[in-house]
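User: Could you take a close look at one strand of this model for me, and show how it sits in the fold around it? A connected walk-through would be lovely.

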Protein chains: 2
Amino acid sequence: MKILYIYAHQEPKSFNSALKDTALAALKEKGHEVKLSDLYEMKFNPVLTASDFPERKNPDFFNPFLEAIKASKTGAFAPDIKEEMEKVKWADLLIFQFPIYFTSMPAIMKGWIDRVLAPGFGFNPITKSAYDTGLFKGKSAMLVTTTGAPKEMYSEGGEHGDLNKRLESITHCVFEFMGLKVLPSHIIYEASGMSRERGIEELEKCKQKMFRLGLDTV
Amino acid sequence: MKILYIYAHQEPKSFNSALKDTALAALKEKGHEVKLSDLYEMKFNPVLTASDFPERKNPDFFNPFLEAIKASKTGAFAPDIKEEMEKVKWADLLIFQFPIYFTSMPAIMKGWIDRVLAPGFGFNPITKSAYDTGLFKGKSAMLVTTTGAPKEMYSEGGEHGDLNKRLESITHCVFEFMGLKVLPSHIIYEASGMSRERGIEELEKCKQKMFRLGLDTV
């Protein structure tokens with residue numbers, strides 16, 4: 001498979017970084033082709049502005065939705081967006097790895113979604129292309145994420161509620177919306193206070209999960 | 001009341017901008033003191049990085065959580081964060097206005113939350129201060145938002161699911177988590193294709209809602 005790995009953590013010596021390296025190595029070992037978008041390292045700009053659209057449909061009034069629909073026909077997106085779009089087109093599977101910030105993605109990754117998965121690219125409300133007719137039909141997506149809080153807090157009836165339900169804003173309302181098949185999220189709870197032993201165990205589990213990709217899940 | 005109005009839309013001639021102006025005028029008319037954080041206009045940086053913490057606890061390993069906990073004791077946050085924190089401390093009520101981007105906030109506003117509502121400020125996992133003992137106890141918060149999709153799509157059983165449930169990632173997992181009392185969200189569905197008449201009606205409804213703040217809701 002061709003896999004685009006979108007990654008968001010600031011610290012190269014963090015557990016998240018080791019997790020990313022482990023996943024990438026396992027995927028390559030299984031013969032997959034992998035491209036990495038390391039968002040902090042790339043200094044990816046997550047803020048959607050008028051300069052995302054170098055050939056404005058309406059230079060006097062900025063409507064992000066209509067500009068994106070037009071740009072998706074002509075290809076006139078800012079270079080950083082185009083580059084990420086090319087990777088998405090190339091990929092069979094998108095993996096997003098990030099630490100949970102308030103039951104959701106850090107802003108840098110939310111902005112990658114806001115800017116790269118633009119109207120007209122993954123979905124098109126004008127032609128009613130979404131969900132069953134989402135434009136990424138045939139591709140898959142998966143979340144890999146770590147939390148500070150324990151699993152009990154992120155369960156049904158727990159203080160924050162079921163994390164998988166919270167993440168539906170992404171897995172359902174972004175991924176399935178665009179026709180992507182959603183693979184089960186790989187969630188590592190209570191990662192902040194982990195012992196070295198548990199860390200090693202979690203890296204091994206992630207490696208095994210990545211080994212199985214394309215066998216039982218895609 | 002003292003109200004901090006946090007606003008995210010790029011276009012000063014947009015409906016969202018008119019909505020913000022209407023709300024601010026109504027709040028001032030009722031005698032409230034209002035401060036505005038116009039995030040795109042301020043070019044607010046939503047990306048949490050090591051430079052958020054000018055006096056690093058550990059310069060060799062960046063752990064955003066531990067750095068924030070330390071900085072919340074010493075006050076050593078980057079100037080743009082400190083400025084927003086001062087506004088939050090001053091306010092009785094926080095109002096967040098934004099167009100829905102994928103059932104959630106645009107990245108620029110998610111990043112305001114990620115960076116400004118830092119561990120140790122609105123909540124403190126070390127001292128177990130959250131929810132009932134959230135550090136913003138006594139303050140309130142409210143969302144004002146617009147969608148492209150119609151209400152049916154954002155209802156229980158609709159394609160995207162109930163928007164109020166989706167927004168719990170913010171209203172529950174951020175606001176209530178930090179002890180803020182949550183006022184009902186003011187949601188304007190299908191705002192993109194609105195007629196001029198409906199636009200005027202919606203501005204009037206918002207004005208009336210703002211007039212009532214502090215009477216029946218806070």
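Analyst: Happy to. Let's start with the contacts across the whole chain: among those in chain A between residues at least 6 apart in sequence, 76% join residues at least 24 apart. Please keep in mind that this is a predicted model.

Chain A is built from seven helices and six strands, and read from the N terminus its elements follow the order β-α-β-α-α-β-α-β-α-α-β-β-α. The radius of gyration of chain A is 18 Å, close to the 17 Å that the globule rule gives for 218 residues, so chain A is as compact as a globular protein of that length. Its C-alpha trace extends over about 55 × 40 × 35 Å along the principal axes, and 43% of the 218 residues of chain A count as buried.

Now to the strand I would pick, β1(A), which covers residues 2-7. Five of its six residues are buried, leaving the strand mostly covered. Two strands pair with β1(A). One is β2(A), residues 33-38, which runs parallel to β1(A) and is joined to it by six bridges. The other is β3(A), residues 93-99, again parallel to β1(A), with five bridges between them. A:Y5 is a handy residue for seeing both pairings: its bridge partner in β2(A) is A:L36, while in β3(A) it stands opposite A:I95.

The link from β1(A) to β2(A) involves helix α1(A), residues 15-29, and together these three elements make a right-handed β-α-β unit.

Next to A:Y5 in the sequence comes A:I6, which takes us into the core. The largest nonpolar core has 116 residues, and those with the most contacts inside it are A:I6, A:M109, B:I6 and B:M109. Leaving aside residues up to four places away in sequence, A:M109 touches A:I6, A:A8, A:L39, A:F96 and A:F98. Of these, A:F96 and A:F98 fall within β3(A), residues 93-99.

A:M109 also brings us to the partner chain, as it lies in α4(A), residues 107-116, one of the helices that help form the contact. That contact takes 37 residues from chain A and 37 residues from chain B. On the chain A side, α2(A), α4(A) and α6(A) each supply at least two residues, with α4(A) giving the largest share, six residues. The residues on this side of chain A divide into 19 nonpolar, 11 polar and seven charged.

Conventions. Residues are numbered from 1 along each chain as its sequence is written. Chains are lettered from A and ligands numbered from 1 in the order in which they are written. This is a predicted model: local features need pLDDT of at least 70, side-chain atom pairs count only at pLDDT 80 or more; totals for chains, interfaces and linings use all residues. Helices (H or I, at least four residues) and strands (E, at least two) are DSSP runs, numbered from the N terminus. The radius of gyration is taken over C-alpha atoms; the globule rule is 2.2 Å times the number of residues to the power 0.38. A residue is buried if 20 or more other C-beta atoms lie within 10 Å of its own, exposed if 12 or fewer, and partly exposed in between; C-beta atoms are placed from the backbone. Two residues are in contact if their C-beta atoms, placed from the backbone, lie within 7 Å. A nonpolar core is a set of buried Ala, Val, Leu, Ile, Met, Phe, Trp, Tyr and Cys residues joined through C-beta atoms within 7 Å. Two strands pair if DSSP finds at least two bridges between them. A crossover is right-handed if, with the strands pointing away from the viewer, the path from the first strand over the helix to the second runs clockwise. Ala, Val, Leu, Ile, Met, Phe, Trp, Tyr, Cys and Pro count as nonpolar, Asp, Glu, Lys and Arg as charged, and the others, Gly among them, as polar.
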